[in-house]
4 protein chains.
Amino acid sequence: MPRISAPTDVVVRMTRTTICGTDLHILGGRVPTCEPGRVLGHEGVGVVAAKGPGVMMFGIGDKVLISCISACGQCDRCRRLKYSRCLCGGWMLGHTIDGTQAEFVRIPFADHSLYLLPDEADEDALVMLSDVMPTAFECGVLGGQVQAGRTVAIIGAGPVGMAALLVAQLYAPAAIIVIDMDEARLQIAVGLGATTTVDGLGGRARKAVVDLTRGRGVDTAIDTVGLPASTALCRAIIGTGGRIASVADHAVAADRCLEHLWDRNITADSRLVDTISTLMLLNMVRSEKLDPSRLVTHHFKLDRIRDAYETFAHSAATRALKVIVEVPPPSTDGRGLAGGS
Amino acid sequence: MPRISAPTDVVVRMTRTTICGTDLHILGGRVPTCEPGRVLGHEGVGVVAAKGPGVMMFGIGDKVLISCISACGQCDRCRRLKYSRCLCGGWMLGHTIDGTQAEFVRIPFADHSLYLLPDEADEDALVMLSDVMPTAFECGVLGGQVQAGRTVAIIGAGPVGMAALLVAQLYAPAAIIVIDMDEARLQIAVGLGATTTVDGLGGRARKAVVDLTRGRGVDTAIDTVGLPASTALCRAIIGTGGRIASVADHAVAADRCLEHLWDRNITADSRLVDTISTLMLLNMVRSEKLDPSRLVTHHFKLDRIRDAYETFAHSAATRALKVIVEVPPPSTDGRGLAGGS
Amino acid sequence: MPRISAPTDVVVRMTRTTICGTDLHILGGRVPTCEPGRVLGHEGVGVVAAKGPGVMMFGIGDKVLISCISACGQCDRCRRLKYSRCLCGGWMLGHTIDGTQAEFVRIPFADHSLYLLPDEADEDALVMLSDVMPTAFECGVLGGQVQAGRTVAIIGAGPVGMAALLVAQLYAPAAIIVIDMDEARLQIAVGLGATTTVDGLGGRARKAVVDLTRGRGVDTAIDTVGLPASTALCRAIIGTGGRIASVADHAVAADRCLEHLWDRNITADSRLVDTISTLMLLNMVRSEKLDPSRLVTHHFKLDRIRDAYETFAHSAATRALKVIVEVPPPSTDGRGLAGGS
Amino acid sequence: MPRISAPTDVVVRMTRTTICGTDLHILGGRVPTCEPGRVLGHEGVGVVAAKGPGVMMFGIGDKVLISCISACGQCDRCRRLKYSRCLCGGWMLGHTIDGTQAEFVRIPFADHSLYLLPDEADEDALVMLSDVMPTAFECGVLGGQVQAGRTVAIIGAGPVGMAALLVAQLYAPAAIIVIDMDEARLQIAVGLGATTTVDGLGGRARKAVVDLTRGRGVDTAIDTVGLPASTALCRAIIGTGGRIASVADHAVAADRCLEHLWDRNITADSRLVDTISTLMLLNMVRSEKLDPSRLVTHHFKLDRIRDAYETFAHSAATRALKVIVEVPPPSTDGRGLAGGS
């Protein structure tokens with residue numbers, strides 16, 4: 001049972017969480033900054049169960065969205081809106097402190113890291129706003145400078161790629177080409193708004209994109225895969241003056257060589273999500289201009305989270321995108337647990 | 001019959017044109033820079049009938065869109081993309097030289113002022129790209145900095161306001177409030193994508209917008225009316241940090257006082273269209289993301305252009321938005337006319 | 001003696017403060033939101049004497065710069081960096097709570113509203129960073145989009161105008177024209193970097209600027225006067241595509257009519273300072289690229305603050321720009337006072 | 001003797017030209033797109049000797065600056081101001097057509113590729129505006145987003161690095177660190193405005209920059225070397241949220257790997273110069289805010305151009321930065337030559 005340890009902390013009783021590709025990387029031992037035994041999870045929705053004396057914006061019982069980034073809001077970097085690089089926080093949940101795949105979680109810098117939700121909110125949709133949607137928007141759409149009337153390629157039709165597909169449409173590109181090796185996912189992409197799909201990451205895919213763009217290449221390439229093949233594909237299909245945005249999973253140290261790009265005025269952008277778009281995305285969901293629940297494919301209860309991980313890890317077979325993990329109300333409230341009954 | 005008078009001229013045989021509110025201002029004597037006897041019209045689609053030796057990009061027989069702005073592309077202002085302020089050109093057609101409401105028209109600086117169209121193009125839709133659509137986009141949406149998730153008010157549901165309604169949606173605002181005194185037009189606005197409509201320009205309208213925005217005001221106010229009542233309404237409903245964009249008709253010298261705005265960090269922007277967005281809008285039409293033909297309400301032949309003007313001038317009664325004027329092929333071709341056979 | 005009243009408060013023992021034109025407006029009864037009896041002052045440097053339990057970034061004894069804006073850093077507006085419009089704070093000091101022209105002052109939202117200074121700092125220079133320098137930079141240079149190679153006119157050679165003159169040079173305009181009616185101030189402006197000066201606000205001044213710019217007008221006009229004559233002058237001298245920035249004193253409700261500007265693509269910007277540039281300006285002072293102490297003309301002790309006000313209020317006679325008010329160490333420390341010894 | 005071959009051509013009689021590192025790459029066989037026998041040179045100043053009928057902006061006898069980029073101004077890319085990628089032109093001079101190291105040169109798209117100079121212009125200074133100054137400004141300062149108060153590292157103190165040093169100061173960074181292996185050049189850099197210099201490109205240089213920035217790294221790294229060592233150094237010293245700009249010589253196909261940058265929100269930008277800043281730089285020279293003649297170290301006559309190349313190629317020994325090649329008036333004028341009198 002987590003406890004308030006700083007005046008700006010809140011303890012949230014979780015109601016829903018989800019699993020991120022990064023969680024799989026941690027379990028695979030590819031995130032050395034995360035110590036063994038850590039409770040995973042950096043996404044979710046819940047209810048404020050306890051708060052420190054320095055918390056100004058939230059009260060006990062408030063329904064809240066948890067941001068994957070815990071930012072102090074005061075340091076030099078936070079003032080430049082680089083919350084992911086907060087000198088006091090950053091990506092802490094399920095990484096350097098225990099995370100959200102639990103009944104309760106401690107949230108540092110709560111005023112800056114939680115968002116008030118209406119009681120009747122669609123929690124499935126809103127859990128997507130903890131990480132995957134702002135990541136796709138900030139690292140993909142903003143980093144890739146998607147613009148009205150231009151052409152976008154999204155490499156990878158997993159959860160991040162599909163989220164990028166949804167939010168890229170907010171900027172009205174003329175065409176969105178989704179590229180993946182899984183035909184079933186490509187069909188889903190069409191349903192979510194792709195104007196064209198291309199099967200594969202190799203030479204045939206390259207040729208297909210070049211043909212589709214009449215030899216010009218795309219204006220924006222969003223790489224959600226982060227492997228050599230996707231990097232090479234981005235380099236091959238990006239047009240003159242184009243922009244490559246890397247949105248690979250947190251733990252992938254991809255080789256993003258840019259040699260030979262110089263002759264085409266290319267800019268490459270790689271960033272962690274700062275969750276500066278969360279309020280805007282909440283507005284879009286509230287006004288029904290965006291429906292992130294379309295990413296949700298499976299539901300599990302917290303006591304079956306191992307099945308949830310299995311389903312998410314084997315997405316080619318299960319066709320999983322995002323799996324929701326529902327957290328039932330605890331049999332006793334937090335105080336009861338603390339009291340040892 | 002217009003003739004090539006500079007190496008960079010083209011003569012276009014018109015196939016379709018339309019009427020702008022500015023044309024009414026000229027007829028009303030409110031545009032002193034336009035001399036009596038001028039052939040009006042600065043919008044249209046046609047076919048290249050003759051070209052000067054300096055024209056590089058177009059050939060006889062090409063179907064072309066005519067931009068309302070004729071820009072040299074070489075002067076200091078054109079290099080800053082301020083085509084409307086071109087030191088050699090600017091708004092010339094139907095203003096300082098004869099315009100497009102005719103069988104033939106001379107287009108100066110043709111390489112920079114025409115756009116190649118495919119033969120099978122929907123001409124009704126494309127005539128909207130000569131002026132009303134780029135004006136709504138550049139002066140309204142860009143000038144007003146419409147952004148995803150924010151709130152926009154459009155004052156005036158005439159052709160420019162309706163065009164602004166269509167193109168504002170390219171930037172995914174959470175809400176677009178259309179304000180007008182004509183209930184019929186407001187119903188059309190709902191069909192074109194308005195999330196709310198407000199009837200009237202006075203105190204009740206003001207209160208309605210304030211209530212709709214829970215006291216915050218709107219982030220962007222686009223004034224397509226340009227009269228004291230609309231200016232006052234913009235000032236009253238603009239929220240902190242907001243942006244007022246003036247897109248009034250060419251000849252309206254509106255009083256856009258900004259007193260008392262200082263206390264809310266307001267920026268006011270007024271500009272003529274530079275037609276820098278024409279290529280992008282053509283892309284959007286081609287990829288079926290935008291359908292400007294929804295602004296077209298009436299069709300006339302060129303020999304009934306007086307009826308077209310009547311219909312357009314009395315839009316409250318006729319419910320006209322944009323009226324298309326079709327130009328039939330001339331009985332003889334241009335050369336024949338010139339030769340006097 | 002002010003006391004900690006919220007966990008995020010700090011009490012600062014003042015060492016230096018100054019007087020702003022806004023203070024004169026308050027004394028003249030032109031700021032109705034400020035109640036009688038208020039201790040004035042929103043600028044200064046001092047030492048942390050007491051702190052609330054929620055203050056993370058500062059400790060007792062730290063030397064600090066006080067920002068004129070007290071911002072919570074957490075609300076929707078703060079997250080958009082609109083600190084002046086903070087929903088919890090904003091301009092509070094010497095306005096809605098007691099200010100800095102005193103031995104001690106309470107600073108709300110201290111983590112977000114103070115800046116750590118090195119002990120050996122030049123306090124005269126740094127007091128200028130509480131308000132006048134960020135105001136000139138944000139409202140004038142950013143609001144007016146000063147750019148390399150372009151032409152700037154600054155209307156008014158008072159403290160704000162002179163500060164704008166200093167910081168405009170950070171953006172390398174080709175020419176800075178300073179306009180005022182006081183010949184002595186214009187001479188000082190030349191010493192501070194003006195490339196040309198113009199005497200007067202009327203028709204002759206207008207003609208002088210038009211001639212200097214060979215008929216083009218200026219790219220940026222920064223109005224630090226905010227009276228009808230300066231507004232009219234800005235309108236007359238602004239060039240095509242130009243930008244007018246209003247940086248008038250806090251309490252001036254100027255009439256900034258923009259009629260007849262539409263024909264030149266003008267943007268008008270008016271904003272309160274958000275103090276988002278304070279860290280940058282501190283860097284510039286530290287690296288000796290900027291010397292704001294050049295604005296300081298007079299020094300007084302706190303017990304002679306009436307003389308300081310007289311000197312500042314009659315600047316035409318005294319040639320005052322900014323007057324520093326030094327606050328000597330109290331005879332007893334804060335604790336002593338509180339304890340009643 | 002070059003001749004007018006298109007209506008938009010001009011023939012310029014050269015008065016001054018210079019040598020670029022790219023010319024050495026061509027001579028070294030590293031620019032396969034340049035055919036043997038080509039007259040080299042893409043920089044220079046001269047006088048209009050002949051003009052085609054489509055040239056609007058220049059007359060015989062005009063003194064002109066020649067841009068290294070010949071852009072049509074009409075194509076899709078030119079309208080986005082991507083002149084280097086002009087679909088009809090681009091880098092042509094001394095590459096795909098004969099260049100400026102000659103008595104006469106043909107300039108395609110003259111209206112868009114020449115700039116009128118006053119007769120009394122300092123030609124040494126202005127030759128620097130053909131290529132090296134806009135390259136340093138656009139690819140280095142704009143590409144690297146140099147900002148007021150931030151820290152910049154420039155790798156390489158050759159002509160491009162020194163030019164970047166001059167123009168970076170237009171944006172008022174707090175510190176500019178120049179890094180090179182040649183101590184003599186570093187001393188020159190101090191004279192041109194470097195706040196610190198660092199000797200070497202290896203581990204010691206890396207440590208020096210890290211120490212200078214107190215572990216934060218620099219905000220902008222401008223790589224004018226383009227070799228693996230400089231690329232590795234940029235990666236090592238760039239701070240969180242920083243920007244790497246590649247401004248290597250035209251023909252260097254550098255390996256600019258970006259692996260391991262993802263964890264610091266880095267953007268990498270590589271572009272060819274578009275010469276969109278030429279007019280601004282001309283303004284800065286005219287208003288004496290910028291003196292590019294400080295890059296000039298040597299002068300030669302055209303008949304000793306081999307010595308000029310030798311001097312430029314062995315800059316470590318000769319301490320050459322830019323070498324001016326003066327072109328004396330031809331013994332007979334162009335007409336005479338053509339007419340054979």
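User: How many residues does each chain bring to the contact between chain D and chain B?

Analyst: This is a predicted model. In it, 18 residues from chain D meet 18 residues from chain B. The area buried between chain D and chain B is about 1600 Å². Carbon and sulfur atoms give 62% of that area.

User: Which residues of chain D lose the most area to chain B?

Analyst: They are D:Met56, D:Gln74 and D:Arg79. Together they make up 39% of what that side buries.

User: What holds between chain D and chain B, in terms of salt bridges and polar contacts?

Analyst: The count of salt bridges between chain D and chain B is zero. Polar contacts are another matter: eight residue pairs are found across the interface, both residues at pLDDT 80 or more.

User: Which elements give two or more residues to the side of chain D that touches chain B?

Analyst: Those are α2 (76–79) and α3 (110–113) of chain D. The largest share comes from α3(D), with three residues.

User: Why is B:Glu43 called buried?

Analyst: The cut-off for buried is under 20% relative accessible area. B:Glu43 has 0%, so B:Glu43 counts as buried. B:Glu43 lies in the loop between α1 (21–27) and β2 (44–51) of chain B. Beyond its neighbours within four places in sequence, B:Glu43 touches several residues, including B:Met14, B:Arg16, B:Thr100, B:Val127 and B:Lys322.

User: What makes the pair B:Glu43 and B:Lys322 a polar contact?

Analyst: The N or O atoms must lie within 3.5 Å. The side chains of B:Glu43 and B:Lys322 are joined at 3.2 Å. The pair passes the distance test.

User: How do you know that A:Glu123 and A:Arg16 form a salt bridge?

Analyst: The nitrogen must be within 4 Å of the carboxyl oxygen. Here the N to O distance is 3.2 Å. The pair qualifies. A:Glu123 sits in helix α4 (residues 123–127) of chain A, and A:Arg16 in strand β1 (residues 10–18) of chain A. They are 107 residues apart, so the pair links distant parts of the chain.

User: Are A:Glu123 and A:Arg16 buried or exposed?

Analyst: Buried means under 20%. A:Glu123 has 11%, so A:Glu123 is buried. A:Arg16 has 19%, so A:Arg16 counts as buried too. Both residues also belong to a network of salt bridges, with A:Lys63, A:Asp124, A:Lys301 and A:Glu326.

User: Why are C:Arg80 and C:Asp76 called partly exposed?

Analyst: Partly exposed lies between the cut-offs of 20% and 50%. C:Arg80 has 34%, so C:Arg80 is partly exposed. C:Asp76 has 23%, so C:Asp76 counts as partly exposed. These two residues form a salt bridge, with the closest N and O atoms 3.8 Å apart. That is within the 4 Å limit.

User: What makes D:Lys207 exposed, and D:Asp211 partly exposed?

Analyst: Exposed means over 50%. D:Lys207 has 51%, so D:Lys207 counts as exposed. D:Asp211 has 47%, so D:Asp211 counts as partly exposed. Their side chains meet in a salt bridge at 2.6 Å, N to O. Because D:Lys207 and D:Asp211 are four residues apart in helix α8 (residues 203–212) of chain D, about one helical turn separates them.

User: How many salt bridges does a search of the whole structure find?

Analyst: The search finds 52 over all chains.

User: What makes β8 of chain B and β8 of chain C edge strands?

Analyst: Each of them, β8 (196–199) of chain B and β8 (196–199) of chain C, pairs on one side only. They belong to an open sheet of 12 strands with mixed pairing. In that sheet β11(B) is followed by β11(C).

User: How do you know that β6 and β9 of chain B pair?

Analyst: Pairing needs at least two bridges. Four bridges join β6 (residues 151–155) of chain B to β9 (residues 218–223) of chain B. The test is met, and the two strands run parallel. B:Ala153 stands opposite B:Ala221 in β9(B). Helix α7 (residues 183–192) of chain C packs on the sheet, touching β7 (175–180) and β8 of chain C.

Definitions and conventions
Residues numbered from 1 in each chain as written. Chains lettered and ligands numbered in written order. Predicted model: local features only at pLDDT ≥ 70, side-chain atom pairs only at ≥ 80, totals over all residues. Heavy atoms only, no water. Contact = heavy atoms within 4.5 Å. Axes fitted to C-alpha atoms, helices over the stretch in contact; angles between N-to-C directions. Buried < 20%, exposed > 50% of the residue type's maximum accessible area, 1.4 Å probe, protein only. Polar contact = N/O pair within 3.5 Å; in protein donor to acceptor, adjacent residues only side chain to side chain. Buried area = accessible area lost by both parts, 1.4 Å probe.
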